[in-house]
Amino acid sequence: MNLTRRMVLSLAAMAAVLIFPELSHTQEPKPAPAPGQTQTSPQEQEKPKAQADPFAAQPAPPLPPGTKGSDVNDPRAKLKPGMYDAGETAKGMKHVAFVKKPDAFQLQATSSDDPSVQKMLGQLGVGSAEKMPKGMQMVIAQLAFANSDFAFQGNHLFQGNFYGVNIYDISNPAKTSLLTSMVCPGGQGDVSVYGNLMFMSVEMPNGRIDCGAQGFPPEPAPEPGHEKDRRLPVPQKERFRGVRVFDISDIKSPKQVAAVQTCRGSHTHTLVVDPNDKDNVYIYVSGTSFVRQSEELAGCSGEGPEKDPNTALFRIDVIKVPVAHPEEAAIVSHPRVFIDPRSGVINGLNNGGSHGKGEEKPRDTDQCHDITVYSSIGLAAGACSGNGLLLDIKDPVNPKRVDAVNDPNYSYWHSATFSNDGSKVVFTDEWGGGLGARCRANDPNKWGADAIFNLKDEKLSFANYYKLPAAQGDTENCVAHNGSLIPVPGRDIEVQAWYQGGVSVMDFTDPEHPQEIAYFDRGPIDPKMLVLGGDWSAYWYNGAIYGSEIARGLDVFELTSTDLLTQNEIDAAKSVRVKELNVQNQQKLEWQPKLVVAKAYVDQLERSQALPKDQIASLRKAIRNAEKSHLKEKQVAKLKAMTGGLESGAGTAKTHADASRMQALAEILKHPVA
Amino acid sequence: MSGFPVRETSWVGGQRTQGTRVLNRMVIAALLSLSQFAAVSEAQKAIEKPAVVQPGAPGEPTKPLPTDTHAKLPPISRADVDFMQGMIMHHSQAVEMTALIPSHTENGAVRALGARISSSQADEIRMMERWLVARGQATSMQMPGMPGMDMQGNSMALMPGMLSPEQMEALRKAHGAEFDKLFLSGMIQHHGGALVMVKDLFNSAGAGQDAEIFDFATDVDNSQRAEIRIMQKLLEELH
């Protein structure tokens, strides 16, 4: 999520009010106006008398000419609103568990009808307890406690949050349970794990080295007569913005072992494991926020490159973490990935476009938002505000840009996913920053969408867009967000979060024709105002799909078979097990030559009509007999006998995908394992 | 620290205490007491509760927190409120400037840019009003002696980068290419002021810790920086 956007929340900013002791000094009695002076500013006089309710959701503007919106007839378009009782609908997936956000990460668990809430709102004396929309009363200051990204290891799920990390036991996904709530505020809480180490991003000024939740005290009110004096910056040596490193050998008590400060903090980070370096891991730090003063962290400069060639803008930061001595983690380079190689200027890329025509702001390329590394092919895809980048990372300390693309429909390049064979990259456009309703019937379906690119010889070329097909309401923040591959052999399938648009499973095997094959959605949190919520990330991990619901908690799903995805394909996906998953550190998926994988390929060849019906039938029969016999020699020999036909079929297959499936199927049938 | 003094009765850890506390303490306590009742029956069911912990600085031990801990927010400061009120005034002038475009220039690039600035800044004004209203604050600066106000309470001393009345007058009188030039140079100056305001905000003690204001201010910095670059290019093309 890039929460740096306009249209900022109707958000529960709200009840913030309730808990701000220090704010109260701003409510001290105001000095009486001097004689003859008016209290009304010129701006106020110009405002229309009937001010629109600033809390009400704004309807979408008309669709720009020549664009299409989303489908209002989809069952997801009009679901019942509610925080914990919203309407739900799903296709091709089943909601198997929901775990509410822990109390330690909520101000309070209340409903707006709770008399105590009504009472305290009244006592606040803001005079707006009635005016305040119900959703606002109910969901208090959610952004400060928003759930964010996931990491996985063994039976543990790590859910980042602006306020810390929650660790869950997922040994039985349907009975997911909370193990540890680790309080350590600072947003966004992007999280990764590696062996005994956990990494966490911090970017906000309330982040403290000691994980304290108290933030920093406000400046005292100025002395009378000195209100206009310019105050000197106040560096805070206890402030922390950067990447924290924890030892998680005791899962119930993570211990901070290092905290690496950076100039812009860390909005996201990416774990990079160099296949040639067993002693160290690396962290790519993407900072999108303001550059802090050099008085607070030496060497930080937020000047433009013309004024200061050492500016902290226009770069990423690389942290090296010695695995045996994580306390020695430190920044080792500041790659200038936006440099123009010919002229040497460091701001060599400019923003790639906008939604133009008055709709959305353009973005400058002075930062990456997120980077996905795929070390086994030596490349990374950088989603870098105004551009999509392709980086050579064979030397992980010195990534080099090999290609950059832009797109006229893109507002903010947000994240990236490679196809397993590295022939495609799916980028996302976080139009509206994740805080806005951007999937309404009148929002163009090429804006705030995935953009699928072909990748060949280190060059990216655009293929098509994919956007959640179902229209969402005015009060549902919705745009393309984080997803991961589902290891169905023979197909490129991604499960992806769309905030309050829910979860969508997309097949992009044919990049020109991406297709939705499964989904889950809930109604909006509130019917009248946009309250921030929905899925930040939806990732597949060892057989289940996990959704990180910003406001509500944690969801667990399972895939169910449909015409578009068979049980064999699901079982084949489940046969892939990994020990650890950090989605932005993409690992090559590999399938063991099991017969369940073979059955998935057969289903696919039947669906695409790449093989005649009788050949499909005899393949199925042979596989079934081999299974029944527990891979007896005779039956295996029969399987092997069928591979010739497949191999010759591969030579004449109409699509590359079918040819690959036939070859892969033949390989399994030659040497199947149990 | 001052607050809302109220008489309070709360039950914390089963102990009845009475005293005068600020409202927020009372609120938390009231809710805690509710959750305590729930916790009794929960405890009978669940043998091992999830751990609630707070790490220390690097190398320092991690400490356990009570299992019924609730979250708390960082403070917001006078500088936050000043920033939002000042930025509403600042944005209002941008909207005022862009409102001149349709009757003052035919330049397509300036028109498109103006429409974009107008729509996003008007939207942001709504957001800032929400933020302030939600916190019981006025949406404009009303006190003499505040930044942006002269001693007569008029907004003579402007927020950084705002165009002076003379500059605004010159802009109103200009047309065509002359308007384009004044508009672009004026808006570059105006946006530059917004960057100063963000810098000042984040350089103020205790400011920018609220998640909403952090995101908004970060966005202002990123997007106006980009728009300045675009306007500089447009301005070069005019010469």
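Me: What pattern does chain B follow when it is read along the sequence?
Reply: In this predicted model, chain B runs β-β-α-β-β-α-α-α-α-α-α along its sequence, and the tally for the chain is 7 helices and 4 strands.

Me: How many residues does chain B have, and what share of them is buried?
Reply: Chain B has 239 residues, of which 49% are buried. Sequence separation adds a second view of the fold: among the contacts in chain B between residues at least 6 apart in sequence, 60% join residues at least 24 apart.

Me: Before I look at any detail, what does the predictor say about its confidence in the complex and in chain B?
Reply: For the complex, the predictor gives an ipTM of 0.87 and a pTM of 0.86. Chain B has an average pLDDT of 77, with 74% of the residues scoring at least 70. Over residues 1-46 of chain B, however, the pLDDT is below 50, and this stretch has 52 contacts in the model beyond near neighbours in sequence. Residues 144-156 of chain B also stay under 50, and for them the model has 36 contacts beyond four places in sequence. The general idea is that predicted coordinates should not be read in detail where pLDDT is low.

Me: And which stretches of chain A have a pLDDT under 50?
Reply: Chain A has a mean pLDDT of 87, and 84% of its residues reach 70 or more. Within chain A, the pLDDT stays under 50 over residues 3-50, a stretch for which the model has 129 contacts beyond four places in sequence. Over residues 351-362 of chain A the value is likewise below 50, and 41 contacts beyond near neighbours in sequence are found there in the model.

Me: Turning to helix packing, at what angle do the axes of α4(B) and α7(B) cross?
Reply: Helix α4 (residues 108-134) of chain B and helix α7 (residues 211-238) of chain B have axes that come within 12 Å and cross at roughly 165°. Since an angle over 145 degrees counts as roughly antiparallel, α4(B) is therefore roughly antiparallel to α7(B). The crossing in which α4(B) passes α7(B) is left-handed.

Me: Which residues of α4(B) and α7(B) meet, and how do they divide by class?
Reply: On the α4(B) side the residues are A109(B), V110(B), L113(B), I117(B), M127(B) and W131(B), and they meet E212(B), I213(B), F216(B), E227(B), I230(B) and L234(B) in α7(B). By class, this contact has 10 nonpolar residues, no polar ones and 2 charged ones.

Me: How far apart are the axes of α6(B) and α7(B), and at what angle do these helices pack?
Reply: Helix α6 (residues 176-203) of chain B packs against α7(B) at an angle of about 155°, with the axes 9 Å apart. The two helices, α6(B) and α7(B), are therefore roughly antiparallel to each other, and α6(B) passes α7(B) in a left-handed crossing. The residues of this contact divide into 16 nonpolar, 5 polar and 5 charged.

Me: Finally, how should I read a single residue such as D403(A), and where is its place?
Reply: D403(A) lies in strand β18 (residues 400-405) of chain A. Because 19 other C-beta atoms lie within 10 Å, D403(A) is partly exposed. Leaving aside neighbours within four places in sequence, D403(A) is in contact with L390(A), E458(A), K459(A) and L460(A). From D403(A) to A666(A), the separation is 263 residues in sequence and 37 Å in space, C-alpha to C-alpha.

How values were computed: Residues numbered from 1 in each chain as written. Chains lettered and ligands numbered in written order. Predicted model: local features only at pLDDT ≥ 70, side-chain atom pairs only at ≥ 80, totals over all residues. Axes fitted to C-alpha atoms, helices over the stretch in contact; angles between N-to-C directions. Parallel < 35°, antiparallel > 145°, perpendicular 65-115°, else oblique. Left-handed = near helix turned anticlockwise from the far one by under 90°. Contact = placed C-beta atoms within 7 Å. Nonpolar A, V, L, I, M, F, W, Y, C, P; charged D, E, K, R; others polar. pLDDT = per-residue confidence, 0-100. Buried ≥ 20, exposed ≤ 12 C-beta atoms within 10 Å, placed from the backbone.
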